[in-house]
2 protein chains.
Amino acid sequence: MEIYFCTGNKHKLKEYKAILEVAGIKVKKVSAKLIEIQANKLEDVAKEKVKTAYEKIKKPVFVEDAGLFIEALNGFPGVYSAYVFKTIGNQGILKLLNGIKNRKAIFKAVIAFVDENHKIHFFKGCCKGKIAYSIRGNFGFGFDPIFIPKGYNKTFAEDVELKNKISHRKRAIEKFVNFLKRKYLSKS
Amino acid sequence: MEIYFCTGNKHKLKEYKAILEVAGIKVKKVSAKLIEIQANKLEDVAKEKVKTAYEKIKKPVFVEDAGLFIEALNGFPGVYSAYVFKTIGNQGILKLLNGIKNRKAIFKAVIAFVDENHKIHFFKGCCKGKIAYSIRGNFGFGFDPIFIPKGYNKTFAEDVELKNKISHRKRAIEKFVNFLKRKYLSKS
């Protein structure tokens, strides 16, 4: 089967293709200027985006929103992770956590999918971890070089295989794939 | 005359009332849950908000969006100033600028007003300045305690009269008032 993914982020597209194609699902990229709202929850951002995407292409389509939520910074950068990465970057996050012992952080991803009956389905994935004391590794993108998943010693950017196995994105995709299989593949 | 202001920020409301009532314009607050979009420009955020506000109340109405743009941080916190203030606060900004000599910053405000013909008008105000090395003063709100306007030594939070005289908000309101006077008051 084929599925439409509306995104402007080539790194995300690559990660989705890698994981979904293993499950026999072909990802087709759709480009559309989507409205991203300012909200506290990823679900709210994803919901508005996917509604616009559906209105434009009139076919089942999904979007994804992700963010890094740092406990000691009251959830910052959260839903604004992309903007914060673009402006102050990993170096900025490390500076903000300078002298702070609580390094707990959580990566969250939310997939919003509109089906052929205009119904929106959400699939969430989380990955707990901590913020490193320095920027480490060259894989992945965004805050990967400063995020160490719980139970490991490497950042996501140091071990891309680990990332694709246990990341927030992987976990959201897993739920999404199970849903797609139940809904579509079992009928064929 | 009376004019509707759609805002959830009581501090802004207070500043608008103080300045507009001197010009003989009464401000009435309207509460409505407005969609704030994620965009790089204040104008884009204000435009979407005021359209929603107008659809809800069906009367001429204005909204305002403001932000602090710090040169050394690539414009951060910019259009996301409210969220950034709520999470990392003034202390976070000072930490990010630790060891950075370029303290240049600019406060920007954009008023978007929909008139009775559904036309949107924008009024912009800027105030150049620099970021202080510590949090100073108790007046104002948000980033006022770390912003020192160009040509002065006090922060906005140390001198509220100065703020109401030269702030980005004051400058945007001045343009707005002149427009309102030309458009409405001259006919009465």
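Start in the largest nonpolar core of this predicted model. Select V50(A), I111(A), F147(A), V50(B) and I111(B): of the 101 residues in that core, these touch the most other members. For background, nonpolar side chains tend to be buried together in soluble globular proteins.

Now stay with V50(A) and bring up its surroundings. Setting aside neighbours within four places in sequence, V50(A) is in contact with V61(A), F62(A) and V63(A). Its other contacts of this kind are A112(A), V114(A) and I120(A).

Next, zoom out until both chains are in view. How many degrees of rotation superpose chain A on chain B? The rotation is 180°, with 0.0 Å of shift along its axis, and the RMSD is 0.0 Å. That is how a two-fold axis relates its copies. To find where the axis runs, select I37(A): its C-alpha lies 1.9 Å from the axis, the closest approach of any residue of chain A.

From here, move to the place where the chains meet. Chain A brings 16 residues to the contact, and chain B brings 16 residues too. On chain A, colour α3 (81-87) and α4 (89-96), the elements that give two or more residues to the side touching chain B. The most comes from α4(A), with three residues. Try colouring that side of chain A by residue type as well: eight of its residues are nonpolar, six polar and two charged.

For the last stop, compare the two sides of the contact. Of the interface residues of chain A, 100% are also interface residues in chain B, so the copies meet through the same surface.

Note on methods
Residues are numbered from 1 along each chain as its sequence is written. Chains are lettered from A and ligands numbered from 1 in the order in which they are written. This is a predicted model: local features need pLDDT of at least 70, side-chain atom pairs count only at pLDDT 80 or more; totals for chains, interfaces and linings use all residues. A nonpolar core is a set of buried Ala, Val, Leu, Ile, Met, Phe, Trp, Tyr and Cys residues joined through C-beta atoms within 7 Å. A residue is buried if 20 or more other C-beta atoms lie within 10 Å of its own, exposed if 12 or fewer, and partly exposed in between; C-beta atoms are placed from the backbone. Two residues are in contact if their C-beta atoms, placed from the backbone, lie within 7 Å. Copies are superposed by least squares on the C-alpha atoms of residues with pLDDT of at least 70 in both. Helices (H or I, at least four residues) and strands (E, at least two) are DSSP runs, numbered from the N terminus. Ala, Val, Leu, Ile, Met, Phe, Trp, Tyr, Cys and Pro count as nonpolar, Asp, Glu, Lys and Arg as charged, and the others, Gly among them, as polar.
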